[in-house]
Amino acid sequence: MQLPRRRRADFEPGREFQYPEHLREQAAGAPAAPGVYTFHGQPGDLPLYIGKSVNLRARLLSHLRNPDEDRMLRQTRAISFERTAGEIGALLLEAQQIKQQQPLFNQKLRRNKQLCALRLSADGKPEVVHSKDIDFALTPELFGLYPSRHAALEGLRALADEHRLCYAALGLEQPAGGRGCFRSMLKQCAGVCCGRESEAEHRERLLAALDGLRIACWPHSGAIGLVERWPAEAAAGDAMLQIHVVRNWCYLGSAANLEQARALGQVAAGFDADGYKILCRPLLTGQAEIMALEMPAPSTRQSGPARRTAALP
């Protein structure tokens, strides 16, 4: 019989935490500015952990003092970082790198193999749709973002429980043949299945419940640049400007000038859930500085002398 492999001594539970002195110089050398950092193990291995912060130095030093991260720290041989001009850029870059590199200790922001949402079908019942079949960035009247069909149906059940909606009317269970459903007897359903409320009233409450989960369509005709600046007078780090290029809620990369940004904006992009969660609020509330990347159409007007167009930054 094959014996189980002996666990390495430094992985044994109960081991006393030892401050990782071999990492302190690298952590202390990071700037007190926004960016993304990576803990590396042996050369050639995948990264151990990728994170972001608005203050790289402070965040890295706090990692070194955390006994709960002892296992990762003992495996770490080097720390690298990449500065960004602000927090949004750090969030976008972190999500992109985690999905591309799949670090060992990152549990969130993994790539979803399938993404689902809810949509009302022709008969008014919610149905589950998949991002592989439709473009979530451009399709209106989609609700909720879920990693699987099972998660979408569980989310619909939770919505029904919260708003006293009928499972049978939602297509979650078979109708009771003219009788009220079991949940209606427990007052967990408002009773559309037994005539205590009308179908119109039930639909109105369903729409109100779904509205809080509505997925916003991409509000631009193409790619845009979201501008972030790290000021020269900031406490740490040199002045920095970045144009984060986004299309259909998908982050395509960051550029230092308009020419580079326009080149990035030519890349095709589908809906990205992480980009949507990061960018939805700043883009839809007007909190972010937006730069148009589409080349303006040439004018066909011939009257008068040709106009001089101001150069874009």
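In what order do the 4 strands of the open sheet run, and with what pairing? In this predicted model, the order is β9-β8-β7-β10, and the pairing is antiparallel. The edges of the sheet are formed by β9 (250–255) and β10 (289–292), each of which finds a pairing partner on one side only. On average, neighbouring strands of the sheet are turned by 30° against each other, with direction ignored.

A closer view of one edge begins with β8, which spans residues 240–247 and pairs with β9 in the antiparallel sense over 5 bridges. Within this pairing, Cys-250 of β9 has Arg-247 standing opposite. The sheet also meets a helix: α4, made of residues 87–101, lies across β7 (224–230), β8 and β9. Relative to β7, helix α4 runs at about 120°.

The segment after β10 is a good place to continue, as Leu-293 is found there. Is Leu-293 buried or exposed? Leu-293 counts as buried because its relative accessible area is 5%, and the limit for a buried residue is under 20%. Leaving aside residues up to four places away in sequence, Leu-293 touches Ala-223, Ile-224, Gly-225, Val-245, Leu-258, Ala-261 and Arg-262. A link across the sequence also appears in the pair Leu-293 and Gly-222: their C-alpha atoms are 8.1 Å apart in space, while 71 residues separate them in sequence.

The surface offers another kind of setting. Here Phe-182, Met-185 and Leu-186 make a nonpolar patch of about 350 Å². Of these residues, Met-185 has its place in helix α6, which covers residues 182–185. Why does Met-185 count as exposed? Its relative accessibility is 58%, and exposed means over 50%, so Met-185 falls in that class.

These local pictures can be set against the chain as a whole, which contains 9 helices and 10 strands. Of its 313 residues, 43% count as buried, Leu-293 being one of the buried residues. The accessible surface of the chain amounts to about 18,600 Å², and carbon and sulfur atoms account for 51% of that area. As for contacts in the chain between residues at least 6 apart in sequence, 60% of them join residues at least 24 apart.

Notes. Residues are numbered from 1 along each chain as its sequence is written. This is a predicted model: local features need pLDDT of at least 70, side-chain atom pairs count only at pLDDT 80 or more; totals for chains, interfaces and linings use all residues. Side-chain values use heavy atoms; hydrogens and water are left out. Two strands pair if DSSP finds at least two bridges between them. Helices (H or I, at least four residues) and strands (E, at least two) are DSSP runs, numbered from the N terminus. Axes are lines fitted to C-alpha atoms, for helices over the stretch in contact, and angles run from 0 to 180 degrees between N-to-C directions. Contact means heavy atoms within 4.5 Å. Patches are made of residues with over 30% relative accessible area and no salt bridge: like charges are joined within 9 Å, nonpolar side chains (Val, Leu, Ile, Met, Phe, Trp, Tyr) within 5 Å. Accessible areas come from the Shrake-Rupley method with a 1.4 Å probe; for residues, only the protein chains shown count as cover. A salt bridge is a side-chain nitrogen of Lys or Arg within 4 Å of a carboxyl oxygen of Asp or Glu. Buried means under 20% relative accessible area, exposed over 50%, partly exposed in between (1.4 Å probe, protein chains only).
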